[in-house]
Amino acid sequence: MQNKNKQSAKISRNLKFMVLSLVFLLFIISIMVLFSNNLLFKNNSNKNSDNMGADFILMGIDGENIDSEKLKTKPTILWFMATWCPSCLSQSYDLNQLRKQFGDEINIVTINLWTPSIIQKISDENNLDINQLPDPDTVMQLQKFKDKFGGDWIWAMDNGEVTMDYNILTVDSTIVLNKDWIIIYEHYGPTGYEELYDVIKSELN
């Protein structure tokens, strides 16, 4: 009888865990759907009409300044992500493959967009309760993500401007710029290795 009670209690705990996990997963999916339907950010006109990329200066998680002027010597991939984003795990793997393929011929810059200022903007523009959105990512969380899934490229938290300047509407979005800082590719949502490989290869040839 005692074993049966223990087994019932264990089943009950497992069911509670599964329900809580499902609720959390559905919440994350709902946030991603808002992103993918372009509901979280309204269009921004900071990006130049001639398809020139916006300049920026960010602080990398290693403490060094990232000045876009210094990136304008080779093709640059800007990857906008959040540590809670499920598809970002596979995208990070694909970027690792690109790094192995092209090495120092390209720049890769990860920009974590899930920062307090951007979450506040999402809340304000969409009349959402900020307490119902995922907590802001921290530098430590991004560092852990990099250590576990990332590679030896630039990682930074957005300063509240770069995501808006590039009109990023969806988490896990990618912009590719050539050495003249002209946008040659933009994709909102998961991209994958082959598509980015073709873009970079074409630019380097």
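A salt bridge is taken here as a side-chain nitrogen of Lys or Arg within 4 Å of a carboxyl oxygen of Asp or Glu, and in this predicted model such contacts link Asp55, Glu69 and Lys72 in a network. The structure holds four salt bridges, and 10 aromatic pairs are counted alongside them. The strands considered below form an open sheet of five, arranged in the order E5-E4-E3-E6-E7 with mixed pairing, and helices H2 and H6 lie across parts of this sheet.

**The sheet**

- Reading across the five-stranded open sheet gives the order E5-E4-E3-E6-E7, and the pairing within it is mixed.
- The edges are taken by strand E5 (154–157) and strand E7 (183–187), and because each has a single partner strand, one side of each is left without a neighbour in the sheet.
- From one strand to the next, the twist of the sheet averages 15°.
- Strand E6 (residues 173–177) and E7 run antiparallel and are joined by four bridges, and Thr174 stands opposite His187, which belongs to E7.
- As general background, the strands of a sheet pair through backbone hydrogen bonds, in either a parallel or an antiparallel manner.

**Helices across the sheet**

- Helix H2 (residues 87–102) lies across strand E3 (76–81), strand E4 (107–112), E5 and E6, and its direction is at about 165° to that of E3.
- Helix H6 (residues 193–204) lies across E3, E6 and E7, and runs at about 180° to E7.
- Strands E3 and E6 are therefore named among the contacts of both helices, since H2 lies across them and H6 does as well.
- Within helix H2, Asn96 counts as buried at 16% relative accessibility, a value under the 20% limit.
- Leaving aside residues up to four places away in sequence, Asn96 touches Phe149, Gly150, Gly151 and Trp153.

**Salt bridges**

- Glu69 and Lys72 meet through their side chains in a salt bridge with an N to O distance of 2.9 Å; Glu69 is partly exposed, with a relative accessible area of 48%, and Lys72 is likewise counted as partly exposed, at 23% relative accessibility.
- Both of these residues belong, together with Asp55, to the network of salt bridges named at the outset.
- Arg99 forms a salt bridge with Asp152, in which the closest N and O atoms are 3.5 Å apart.
- Since Arg99 lies in helix H2 and Asp152 in the loop between helix H4 (139–149) and E5, this pair ties together parts that are 53 residues apart in sequence.
- The two partners fall into opposite classes of accessibility, for Arg99 is buried, with a relative accessible area of 13%, whereas Asp152 counts as exposed at 61% relative accessibility.
- A further salt bridge brings together the side chains of Glu125 and Lys121, with 3.0 Å from N to O; because these residues are four apart in helix H3 (residues 116–126), about one helical turn separates them.
- Glu125 counts as partly exposed at 24% relative accessibility, and Lys121 is partly exposed with a relative accessible area of 31%.

**Helix H3 and its end**

- Ile118, Ile119, Ile122 and Ser123 are buried in H3, and because they cover an arc of only 140° around the axis, they are placed on the same side of the helix.
- Just after H3, Asn127 takes a positive phi of about 50°.

**Aromatic pairs**

- Among the 10 aromatic pairs is the one formed by Trp84 and Trp114, which is edge-to-face, with 5.1 Å from centre to centre and 80° between the planes.
- Trp84 lies in the loop between E3 and H2 and Trp114 in the loop between E4 and H3, so that the pair ties together parts that are 30 residues apart in sequence.
- Both tryptophans are buried, Trp84 at 15% relative accessibility and Trp114 with a relative accessible area of 0%.
- Ring pairs also link Trp79, Phe145, Phe149, Trp153 and Trp155 into a cluster, and two of its members, Phe149 and Trp153, are among the residues touched by Asn96.

Notes:
Residues are numbered from 1 along each chain as its sequence is written. This is a predicted model: local features need pLDDT of at least 70, side-chain atom pairs count only at pLDDT 80 or more; totals for chains, interfaces and linings use all residues. Side-chain values use heavy atoms; hydrogens and water are left out. Two strands pair if DSSP finds at least two bridges between them. Helices (H or I, at least four residues) and strands (E, at least two) are DSSP runs, numbered from the N terminus. Axes are lines fitted to C-alpha atoms, for helices over the stretch in contact, and angles run from 0 to 180 degrees between N-to-C directions. Contact means heavy atoms within 4.5 Å. Buried means under 20% relative accessible area, exposed over 50%, partly exposed in between (1.4 Å probe, protein chains only). Rings of Phe, Tyr and Trp (its six-membered ring) pair if their centres lie within 6.5 Å; planes under 30 degrees apart count as stacked, over 60 as edge-to-face and the rest as tilted. The arc is that of the directions from the helix axis to the C-beta atoms.
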